[in-house]
Amino acid sequence: MFLQQHLRKEFPEKVRHRGMAIYRSRQVTVLSGNQWKVSAKVMGSRLYAVDLTREGNDIDAFCDCPYFGSDGFCKHLWATILAADEECFLLGKVGSGPPRLVELDPDDLEDEFDDDGDEDEEIYFPRASRTKSYT
């Protein structure tokens, strides 16, 4: 509930309600996650990519759905935040302040990868299963 408590004000009630329905319908698949980053696929009218990355108290957010590109934080992000909260992801370092959501520019995502397409840093999976599916 930590993330929900601090980030709920960033989402209109209608968006939160729809995101909760997506989450409860098990349409979120967390691909990787730790205290700094969550990558997920969320089923909507098609499969959407969602990335959340914590830097200090800021959580950079991105979804490739049309709503995010035009209107801001979407139901897919909220559904992913619910899934991340369940796993205690995106908490940052001990003693971090309350998180703030920041809209990530899609062009900034290119900086996350090397020339060979691999991510710059290793992702830590805290569970033996390596992937938790909500679908």
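This passage walks through the salt bridges, strand pairing and nonpolar core of a predicted model.

A good place to begin is with charged side chains. Side chains of opposite charge can pair when their charged atoms come close. A search of the whole structure turns up three salt bridges, and each is described here in turn.

One of them joins K37 to D51, with 3.8 Å between the closest N and O atoms. K37 belongs to strand 2 (residues 37-43) and D51 to strand 3 (residues 47-55), so this pair ties together parts that lie 14 residues apart in sequence. K37 is buried, its relative accessible area being 8%. D51 has a relative accessibility of 15% and counts as buried because the cut-off for that class is under 20%.

Another salt bridge pairs R46 with D64, and here the closest N and O atoms are 3.9 Å apart. This pair links distant parts of the chain, 18 residues apart: R46 sits in the loop between strand 2 and strand 3, while D64 sits in the loop between strand 4 (58-63) and helix 3 (66-71). R46 is partly exposed, with a relative accessible area of 39%, and D64 is also classed as partly exposed, at 30% relative accessibility.

The remaining pair to describe is R100 and D58, whose closest N and O atoms are 2.7 Å apart. Distant parts of the chain are again linked, since R100 lies in strand 5 (residues 100-103) and D58 in strand 4, 42 residues apart. R100 is partly exposed at 46% relative accessibility, and D58 is partly exposed at 25%.

From the charged pairs, attention turns to the strands. Strand 1 (residues 28-33) has five of its six residues buried, so the rest of the structure largely encloses this strand. Strand 1 and strand 2 run antiparallel and are joined by five bridges. Within this pairing, G33 has V38 of strand 2 as its bridge partner. The connection between strand 1 and strand 2 is a hairpin that passes through three residues.

The nonpolar interior comes next. In soluble globular proteins, nonpolar side chains tend to be buried together. In this model, the largest nonpolar core has 33 residues, and the members that touch the most others are L52, L77 and L101. Many elements contribute: helix 1 (2-7), helix 2 (13-24), strand 1, strand 2, strand 3, strand 4 and helix 4 (75-86) each supply at least two residues of this core. Helix 4 gives the most, with seven residues. For L77, the residues touched, leaving out those up to four places away in sequence, are F11, V50, L52, A61, F62, C63 and F68.

A final stop is L90, which is found in the loop between helix 4 and strand 5. Although in a loop, L90 is buried, with a relative accessible area of 1%. Setting aside neighbours within four places in sequence, L90 contacts L3, N34, Q35, W36, K37, V38, L52, R54, I59 and A84. Several names in that list have appeared already: K37 is the salt-bridge partner of D51, V38 is the bridge partner of G33, and L52 is one of the core residues that touch the most other members. G33 itself is 57 residues from L90 along the chain, and the C-alpha atoms of the two are separated by 7.9 Å.

Key. Residues numbered from 1 in each chain as written. Predicted model: local features only at pLDDT ≥ 70, side-chain atom pairs only at ≥ 80, totals over all residues. Heavy atoms only, no water. Salt bridge = Lys/Arg side-chain N within 4 Å of Asp/Glu carboxyl O. Helix = DSSP H or I, 4+ residues; strand = E, 2+ residues; numbered from the N terminus. Buried < 20%, exposed > 50% of the residue type's maximum accessible area, 1.4 Å probe, protein only. Pairing = 2+ DSSP bridges. Core = buried A, V, L, I, M, F, W, Y, C linked by side-chain atoms within 4.5 Å. Contact = heavy atoms within 4.5 Å.
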